[in-house]
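Trainee: I am new to this structure and would like to go through its pockets, its ligand and its cavities in order. May I put my questions to you one at a time?

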Amino acid sequence: MLHDPNRVYVFDTTLRDGEQVPGCQLTTPEKIEIAKELELLGVDIIEAGFPVSSPGDFNSVVEISKAVKEPTVCALTRANKGDIDAAIESLKYAKRPRIHTGIGSSDMHIKHKFNSTREEILERAVEAVKYAKRAVEDIEFYAEDAGRADVEYLAKMVEAVIAAGATVVNIPDTNGYCLPDQYGSKIKFLKENVKNIDKAIISVHCHNDLGLATANSIAGLQNGARQIEGTINGIGERAGNTSIEEVVMILKTHQVLGLHTQIDSKRFYELSQMIRTQMRMPVQPNKAIVGANAFAHSSGIHQDGFLKMRENYEIIRPEDVGFPSASIVLTARSGRHALKFHLERLGINLSKEELAEAYNNFLTLADVKLDINDHDLLSLVAHKLVKN
Ligand code: KIV
Ligand code: ZN
């Protein structure tokens, strides 16, 4: 089969980087349920856990490996034999196993986390990949804190781990430090300067400390990365990871980028709700794609434009992400057009004069009551209904 150069692989780490968030811990049955939904969503890789971290996490990787058929199941390790042995063992039932091993690549991590040297770290990286490769063919290497790493050293590390057998090289912006053009340039540099780079897929793994995770991931893809790592709802360490739903919808909306995934985006909303409930982590109402207000129109100007033609204020159709429907929210900023729309929805047709009167009464009410519901609307026009 010919490799499609424009295909972007989606690597979901909701059950690993997402599950690390305090309060978001899941039981194995909950993880299996989510993994099956991720399979239906069409993710290519599920990072199922960090097996050496606890017996529960080990068991989750085992059970997820049994439960899903299509996606690759991936287990995280540090660059040491004990971690890698645990990962190998946990993946024994996986149809498509992957080991995700790695080590720090920035001088900050090399000196102050590992108390080591660039040379020693490079050796450990290569050893880890070789060790994992004895048992599993598909090896992803992460160069932790690559966002702050010296790019020449990073290129050396990437070249060495590919030569040792890595099939995917993950370039994480672990601390969410980079600007999009810096991150994009880093990926471009690797693409242009690592001589065996065509033997591996470059993966982007971005954190959201400065609110740039999605922008950085897109910059990475524009510069040659072909795997994106993220979570549903963007949950993850600190300010979170890249939101998978955002990246997928950006690629769909901006077809000019020429990139595509195999994600069934109609499943996003339901899965987002499931993750929110199971992980007890609310979704902010203004969250792109899946937030409660993502398709709610509330100002008069927007409502009028939307009611004339939805595309005036809608760049994604709610049904494309499984969102129940767009909504016209009635507030003191709403216009006559929105009020008319809601009254007609309730079967009430008013003349121009009647609507003007109802609108004045509506504004008086909306200034004091934040949430105008159908019952309020019926009360506003009750006298008309009796007369007619
Ligand atoms: O953010 C990070 O660097 C990670 C690695 C373990 C891939 O999560
Ligand atoms: Zn991470």
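Trainee: Where does ligand 1 sit, and what is the name of the space it takes?

Mentor: Please bear in mind from the outset that this is a predicted model. A molecule is assigned to a pocket if more than half of its atoms lie within 2 Å of the pocket's grid points. By that criterion, the space taken by ligand 1 is the second largest pocket.

Trainee: How much space lies in the second largest pocket?

Mentor: The pocket in question is the one occupied by ligand 1. The space in it comes to about 450 Å³.

Trainee: Which residues lie nearest the centre of the second largest pocket?

Mentor: The lining of this pocket comprises 24 residues. By class, eight of them are charged, nine are polar and seven are nonpolar. Those nearest the centre are Arg-16, Leu-76, Lys-113, Tyr-142 and Glu-144.

Trainee: Which element gives the largest share of the lining of the second largest pocket?

Mentor: At least two lining residues come from each of helix H1 (14–18), strand E4 (97–104), strand E5 (138–144) and strand E6 (168–173). The largest share amounts to four residues, and the element that supplies it is E4.

Trainee: Which elements each supply at least two residues of the shell around ligand 1?

Mentor: The ligand is surrounded by Arg-16, Asp-17, Leu-76, His-100, Tyr-142, Glu-144, Asn-170, Pro-172, Thr-174, His-205 and His-207. In this shell, three residues are nonpolar, five are polar and three are charged. The elements that each contribute at least two residues to the shell are H1, E5 and E6.

Trainee: Which residue has a polar side-chain atom 3.0 Å from an oxygen atom of ligand 1?

Mentor: A polar contact requires a pair of N or O atoms within 3.5 Å. Asp-17 has a polar side-chain atom 3.1 Å from an oxygen atom of the ligand, and a polar side-chain atom of His-205 also lies 3.1 Å from a ligand oxygen. The residue at 3.0 Å is His-207.

Trainee: What percentage of the accessible area of ligand 1 does the protein cover?

Mentor: The starting point is the accessible area that ligand 1 has on its own, which is 260 Å². Of this area, the protein covers 92%.

Trainee: What is the volume of the largest cavity?

Mentor: There are two cavities of 30 Å³ or more in the structure. The second largest has a volume of about 40 Å³. For the largest cavity, the volume is about 50 Å³.

Trainee: Which helix gives the largest share of the lining of the largest cavity?

Mentor: This cavity is lined by Lys-340, Leu-343, Glu-344, Ile-348, Asn-349, Leu-350 and Leu-355. Their classes are four nonpolar, one polar and two charged. The largest share, three residues, is supplied by helix H13.

Trainee: Which helix gives the most to the lining of the second largest cavity?

Mentor: Among the residues that line this cavity are Leu-350, Glu-354, Asn-361, Val-381 and His-383. Helix H14 (352–368) and helix H16 (382–387) each supply at least two of the lining residues. With four residues, the helix that gives the most is H14.

Notes: Residues numbered from 1 in each chain as written. Chains lettered and ligands numbered in written order. Predicted model: local features only at pLDDT ≥ 70, side-chain atom pairs only at ≥ 80, totals over all residues. Heavy atoms only, no water. 1 Å grid on protein atoms, 1.4 Å probe; cavity = no way out; pocket = protein on both sides within 12 Å on 5 of 7 lines; lining within 4 Å. Points joined across faces, edges and corners; volume = space filled by probe spheres on them. Nonpolar A, V, L, I, M, F, W, Y, C, P; charged D, E, K, R; others polar. Near = heavy atom within 4 Å. Polar contact = N/O pair within 3.5 Å; in protein donor to acceptor, adjacent residues only side chain to side chain. Areas by Shrake-Rupley, 256 points an atom, 1.4 Å probe, with all protein chains shown as cover.
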